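I opened the model and kept notes as I went. These are the entries, in the order I made them.

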Amino acid sequence: MQAMKNHLFLAATLLLLMSAAAPLTDAADTPGTHNITKILAQFPQFSTFNHYLTTTHLAVEINQRQTITVLAVDNAGMAALLAKKLPLYTIKNVLSLHVLVDYFGAKKLHQITDGTALVSSMFQATGAAPGTSGFVNITDLPAGHVGFGAQDSGSLDARFVKSVVEHPYKISVIQISTTLVSPEAQAPTPAPSQLNFTTLMSKQGCKKFADLILAAPDVEKTFESDIGGGLTIFCPADIDVTAFMPKFKNLTKDQQSSLLMYHGVAVYNSMSMLKTSNGIMNTLATVMTAKNREYNFTVQNDGTTVTLKTKIVTASITGTLFDEQPLAIYIINKVLQPRELFKKAEALTPAPSPAPAASAPSADASASPAAAEPDSAPDAKAADASGSSDGEENWGWCGGWVGFDVGYGHVVVVWGV
């Protein structure tokens, strides 16, 4: 009886631990725990600014940051910027200057040490800003005013208007009077149409993957159309594509297209950004699906190596093929395999023929440690071993099988003695 009580206590403890851990899994889906698009949608006066954060994919980069300050400009201020007829990728440079990689609420703005601060912006973080041109000067002015100016402009072009939203030390949205002027941010950059990404890949060890994209015109067009707003491509090396081809040929045309687009992200990511923006990353394949959480992977790093983790494989970035905003191409050591494709492929695999009946075990075999162990855990354990389950399932023996699925916060207990 005491043994049974101990077993029940252990099972209850596991249930409590899994219930407490479940919300952490959901939080991992949104690394920054904020959504700038939803925040600004509450204020119609920032609709144009919000639109261009989305169009340039800056919104995604903002949401991936843990600590951020957004210098929002109202529709009138944005009209002055748009009147300059700048290309979209240049507008992205300008707006990235309005995203500070530090937290500044209204109170902190008026308590700046020595009255002035030089703060790094997302434009600086991309590596596209030479020298300190991607920094923003914040200065306390007389009569309680605060001025903002791009470091390379040499002046304070904008004024603090009001605090819009503050979530201390996570995200702050501040309205400023006008867009920041920066010669470097507005400088002409190579037109994306001049960047032939398949040629760049073919010349540097990714020819086989480039050929697969060229053989799928719709996929090639999708990649090309996204370069303007920013694009990151993770290209498997030729040797890895060759090894993967038997699996690739077994996919349908639509599945092949999804697999290829799974290797593209509609945001420019420098290596420094990848090392500081760990978490769930959506792909070009995610955009074309109706459901959430589909066709994404997790970016992780140990300080030196960046890895891309799917439910099936983990690939490492082994080199940089091209990195000039708005395009980045990295070589990886494995083909990325989304669980959405390969889970389905496994389900279609015919079940093996029943094995012939085994002869009765000998007395020695029945006395062995293996024979003394209980039967395998329920079928869910086998699903976990296949690598195709939606969550992470675990089973433990404590006089009976206790199982829990931490992927989506489900807990299943199967008790037997």
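**Entry 1: disulfides.** I looked for disulfides first and the count came to one. I noted that this is a predicted model. The bond joins Cys 206 to Cys 235, with the sulfurs 2.4 Å apart. I then asked where the two cysteines lie. Cys 206 is in the loop between α9 (197–202) and α10 (207–214), and Cys 235 is in strand β8, so the pair ties together parts that are 29 residues apart in sequence. I checked burial for both. Cys 206 is buried, and Cys 235 is buried too.

**Entry 2: the sheet around β8.** I followed β8 into its sheet. Seven strands make up an open sheet, and I wrote down their order as β9-β8-β14-β13-β12-β11-β10. The pairing is mixed. Which strands stand at the edges? They are β9 (264–265) and β10 (279–282). Each has a single partner strand, so one side of each is left without a neighbour in the sheet.

I went through some pairs in turn. β8 pairs with β14 (residues 327–332) in the parallel sense, over six bridges. I picked out Pro 236, whose bridge partner in β14 is Ile 332. β13 and β14 also pair over six bridges, but in the antiparallel sense. There I recorded Thr 320, bridged to Tyr 330 in β14. Two residues make the hairpin connection from β13 to β14.

Next came β12 (residues 306–309) and β13 (residues 314–324). These strands run antiparallel, and three bridges join them. Thr 307 has Ser 316 of β13 as its bridge partner. β12 and β13 form a hairpin as well, with four residues between them.

**Entry 3: Thr 232.** I went back to β8, which spans residues 231–236, and selected Thr 232 in it. Is Thr 232 buried or exposed? Its relative accessible area is 0%, so Thr 232 is buried. I looked for a polar partner for the side chain. A polar atom of the Thr 232 side chain lies 2.5 Å from the backbone oxygen of Val 267.

I listed the contacts of Thr 232, leaving aside neighbours within four places in sequence. They are His 263, Gly 264, Val 265, Val 267, Tyr 268, Asn 269, Ala 328 and Tyr 330.

**Entry 4: Ser 270.** I moved on to Ser 270, which sits in the loop between β9 and α14 (271–276). Its relative accessibility is 3%, so Ser 270 counts as buried. I took a distance from here to Tyr 330. The two residues are 60 apart along the chain, and their C-alpha atoms are separated by 9.7 Å.

**Entry 5: nonpolar cores.** I asked which residues have the most contacts inside the largest nonpolar core. They are Phe 197, Met 201, Phe 223, Phe 234, Phe 297 and Ile 329, in a core of 53 residues. β14 gives the most to this core, with six residues. Another core, of 46 residues, lies apart from it. I noted Met 122, Ala 158, Ile 171 and Ile 174 among its members.

I checked Phe 234 on its own. With neighbours within four places left aside, Phe 234 is in contact with Phe 209, His 263, Val 265, Leu 274, Met 281, Phe 297, Leu 308, Ile 317, Tyr 330 and Ile 332. His 263, Val 265 and Tyr 330 were also in my list for Thr 232.

**Entry 6: helix α6.** I turned to helix α6 (residues 88–96). How many of its nine residues are buried? Eight are, so α6 is largely enclosed by the rest of the structure. I wrote them out: Tyr 89, Thr 90, Ile 91, Lys 92, Asn 93, Val 94, Leu 95 and Ser 96. I then looked at what they pack against. The elements are α3 (47–55), α4 (58–64), α5 (75–82), β2 (99–100) and α8 (122–125).

**Entry 7: the whole chain.** I closed with totals for the protein chain. Its secondary structure comes to 19 helices and 17 strands. Of its 417 residues, 45% count as buried. Among contacts with a separation of 6 or more, residues 24 or more positions apart account for 61%. The accessible surface is about 20,400 Å², and 58% of it belongs to carbon and sulfur atoms.

Conventions
Residues numbered from 1 in each chain as written. Predicted model: local features only at pLDDT ≥ 70, side-chain atom pairs only at ≥ 80, totals over all residues. Heavy atoms only, no water. Buried < 20%, exposed > 50% of the residue type's maximum accessible area, 1.4 Å probe, protein only. Polar contact = N/O pair within 3.5 Å; in protein donor to acceptor, adjacent residues only side chain to side chain. Contact = heavy atoms within 4.5 Å. Pairing = 2+ DSSP bridges. Core = buried A, V, L, I, M, F, W, Y, C linked by side-chain atoms within 4.5 Å. Areas by Shrake-Rupley, 256 points an atom, 1.4 Å probe, with all protein chains shown as cover. Disulfide = S-S within 2.5 Å.
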